[in-house]
Amino acid sequence: MNSTTTIENRFSANAQKILAKRYLTRDKDGNTTETVEGLFRRVAHAIAADENNYTKSKYKAEELEEIFFKMMTELDFMPNSPTLMNAGKPLGQLSACFVLPVEDSMEGIFDAVKNAALIHKSGGGTGFSFSRLRPTKDIVSSTSGVSSGPISFMKVFNVATETIKQGGTRRGANMGILRVDHPDIIEFITAKEDQKELTNFNISVAITDKFMEALECDGEYDLVNPRSGEVVKSLKASKVFYMIVERAWKNGEPGIIFIDRINRTQPTPAIGEIESTNPCGEQPLLPYEACNLGSINLARFVTTANGKPEVDYNRLREIITLSVRFLDNVIDVNKYPLPIIDRTTKSNRKIGLGIMGWADMLIKLGISYDSEKAIELAESLMKFIHDEGWKASQELATERGSFPNFDKSIYVKMGFKGMRNATVTTIAPTGTISMLCGASSGIEPLFAIAYEKHVMDNERLLEVHNDFVRVAHERGFYSQELMEKVAKSGSVRGMPEVPEDVQKIFTISHLISPEWHIRTQAAFQKYTDNAVSKTVNCPNDATKQDIETIFRLAHTLGCKGVTVYRDGSRDSQVLNLTGKKAVDTVNVKPVMFVTPRERPEITMGLTERVKIGCGNLYVTVNSDDNGICEVFTSLGRNGGCPSQSEATARLISMALRAGIEVQEIIDQLKGIRCMSTIRRASIVKDLKVLSCPDAIGKAIEKYYLAAKDNFKKMPPIFKEKASQKQDLMVDNQDPGCNCPECGSILEHDSGCVICKSCGYSKCG
């Protein structure tokens, strides 16, 4: 067997197909002119050649080329897609992440449009903050006219992106950010309510410390005109926050980034302020800065000692050190699309070493994703990667010198003698490169244990997670029938054929409560220089209160931003841009039965007297730390219908303790009419309700609006959903969410969608 065949066999059939379609070099007629081995040889040679520029290097270029080639082809490490596509070629643009400034002038705006086009053409993604632009209807002195505002110019960027296909292999992607204190923030929050708008943008609101302080005390915050610095208006922070929550619940956007937290932890505050991130949010950058990324495949670093699996930290240390050297070399080899990007990037030399295969590592170690043990390992593992990465960067500084802005960095105050790179670690989504390595994406849980893939009209391929097949054989419960059954739902939960401990370890994204998603992200963020790309995937029946809790928890636990996606919340039109009809593979969702939590022993609340057609109705609304939990009613001496009002109150109490959203209950009650009350209202003018249910609904609403910001603990729906779903088989197929190129199921990841069958991906 020749070496080419050996190398190719390390990649799955699906990975080889993706490599052929999106990575291998082609001639002018579209014919493939490169083998899989040739691709990685080209990349290794181009990146290792930089070693010859440093006389103090411990490696010769030829020696390092073999090392780089081996760690990529053995699937230990993989650089970001532009490096695989362009290294060693005339284009030579190797970075995935760019941030461009958008100045408050017509020249500045269209310079940014032009520069973004050049970056997209070369294979990169761009992030923009539109916060410098003057608000809608603000004066434009040069023309004596008025401004059309940031959103109108975002549409110009969107159209420009639509016309460019990156390097013939990658689609244009943008991040659009607006500060929460910009006067046009409401228009920005609702900008993607029509999902046909801004289809090439992910959007995020830049949340400030002042906004969060106002939110916590239920106060107002100021909107500031960026042109003049004047306060133009004040808004209730809770109003804006709940608008963000509602839109994120509706279709996953906007996300949020905590911009002041990002700037507090950035390494070169004296150089400038960070305004934006790359399209997936994990890489905050200064204006005109670029960063190249790469990820270590954690699934490759589990070994067996004394019959038990454990993390191979010694081998992991070696790959971390080599990966830092690889990514630092990329900075020099890179052909940047603009001279100013070249200068800015080389002044700080930021790299982003991250990970993939986290879910795979947990499975191999026998640890459930949603467990305290997993959180503890996430923190300790990332601390190890962070510390070893910094050591490697310091060693490179002794060989090559520190990054030019080192003297203006935080590292001087920390007592460092040198640092080659201003940042070292980033956790990216790794969508396509994780598919090449056969690994789970970034730090995400598995999307499905098994699924069907339709290769041709009459051919279907069953894809099952390798470790599940291995465990099924080892534990003696393997059967083809079981694999088929798992593929229909994606999950093994509730299957009597599968042992309970195996069910727990082989969990999937939609069965993991949002609390565990956020806690995982926060554990990794603690030891990540830049940021962490993570999608909190929620089931279709997640409530707006769930989204609110996710956002608040992300802030409390120290995350730099957060993205949510509620299963099935996006229209098919956004995904089917090629005009192909989506394949309808959607099954009926299983019915969920939720048992109300027990009534708490201690509650607190208020009682309101309301006049109705039958006299006085007394409505008592009680709550505990989780929110409103019960309602009682009683009638005055004039009588009425006590049994009906009591039954209504009991049902409402059950619904509240079962996790039904309070606002939904209010909406169902308000507006119900009773002829007795309406007739009474024609005589007595001070009646303000239409019926007993209307009175109850309004009493709950009054209490809810006054007290909702005091409910700080996790809503009960999280725990109940998690426990109830232990016995459910979940259909992971989203209505309309099928790949426009091959018809397979699309997964949502950090504001992007990706097809695990053909490698199609799209952000925005």
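Helices (H or I, at least four residues) and strands (E, at least two) are DSSP runs, numbered from the N terminus. The model is predicted: local features need pLDDT of at least 70, side-chain atom pairs count only at pLDDT 80 or more, and totals for chains, interfaces and linings use all residues. Residues are numbered from 1 along each chain as its sequence is written, and side-chain values use heavy atoms, with hydrogens and water left out.

**Exercise 1. The chain as a whole**

Task: State how many helices and strands the chain has, and what percentage of its residues count as buried.

Solution.
Step 1. The chain has 28 helices and 28 strands.
Step 2. Buried means under 20% relative accessible area, exposed over 50%, partly exposed in between (1.4 Å probe, protein chains only). Of the 764 residues, 58% count as buried.
Step 3. Contact means heavy atoms within 4.5 Å. Among contacts with a separation of 6 or more, 71% come from residues 24 or more positions apart.

**Exercise 2. The two sides of α9**

Task: Find which residues of α9 are buried and which exposed residues sit on the face turned away from them.

Solution.
Step 1. Helix α9 spans residues 209–216, and its buried residues are F211, M212, A214 and L215.
Step 2. They lie on the same side of α9, because they cover an arc of only 160° around the axis. The arc is that of the directions from the helix axis to the C-beta atoms.
Step 3. Recall the geometry. An α-helix has 3.6 residues a turn, so residues three or four places apart point the same way.
Step 4. K210 and E213 are exposed, on the face turned away from the buried side.
Step 5. Now list the packing partners. The buried residues of α9 pack against strands β9 (201–207), β10 (220–224) and β12 (255–258), and against helices α10 (237–251) and α22 (544–556).
Step 6. Look just past the helix. D218 takes a positive phi of about 55°.

**Exercise 3. The surroundings of V180**

Task: Decide whether V180 is buried or exposed, and list what V180 touches.

Solution.
Step 1. V180 sits in the loop between β8 (174–179) and α8 (185–189).
Step 2. Its relative accessible area is 0%, so V180 is buried.
Step 3. Leave out residues up to four places away in sequence. V180 then touches I185, V205, A206, I207, T208, F211, Y221, L223 and V240.
Step 4. Take F211 from that list. V180 and F211 are 31 residues apart along the chain, and their C-alpha atoms are separated by 7.5 Å.

**Exercise 4. Three helix pairs**

Task: Classify the packing of α15 with α21, α21 with α22, and α24 with α25.

Solution.
Step 1. Set the descriptors. Two packed helices are described by the angle between their axes and the distance between the axes. Axes are lines fitted to C-alpha atoms, for helices over the stretch in contact, and angles run from 0 to 180 degrees between N-to-C directions.
Step 2. Set the classes. Angles under 35 degrees count as roughly parallel, over 145 as roughly antiparallel, 65 to 115 as roughly perpendicular and the rest as oblique.
Step 3. Take α15 (residues 372–400) and α21 (residues 514–525). The angle is about 20° and the axes are 8 Å apart. The two helices are therefore roughly parallel. E372, I375, A378, E379 and M382 of α15 meet W516, R519, T520, A523 and F524 of α21. This contact has 6 nonpolar, 1 polar and 3 charged residues. Here Ala, Val, Leu, Ile, Met, Phe, Trp, Tyr, Cys and Pro count as nonpolar, Asp, Glu, Lys and Arg as charged, and the others, Gly among them, as polar.
Step 4. Take α21 and α22. Their axes come within 10 Å and cross at roughly 25°. The pair is therefore roughly parallel. P514, E515 and I518 of α21 meet I550, L553 and A554 of α22. By class, that gives 5 nonpolar, no polar and 1 charged residues.
Step 5. Take α24 (residues 642–657) and α25 (residues 662–669). The angle is about 155°, with axes 10 Å apart. These helices are therefore roughly antiparallel. T648, I652, A655 and L656 of α24 meet V662, I665 and L669 of α25. The contact holds 6 nonpolar, 1 polar and no charged residues.

**Exercise 5. Backbone in the loops**

Task: Describe the backbone at P254, L75 and K137.

Solution.
Step 1. P254 lies in the loop between α10 and β12. The E253 to P254 peptide bond is cis, with omega near 5°.
Step 2. L75 is not a glycine, yet has a positive phi of about 65°. L75 is buried, at 10% relative accessible area.
Step 3. K137 has a positive phi near 70°. K137 is exposed, at 68% relative accessibility.
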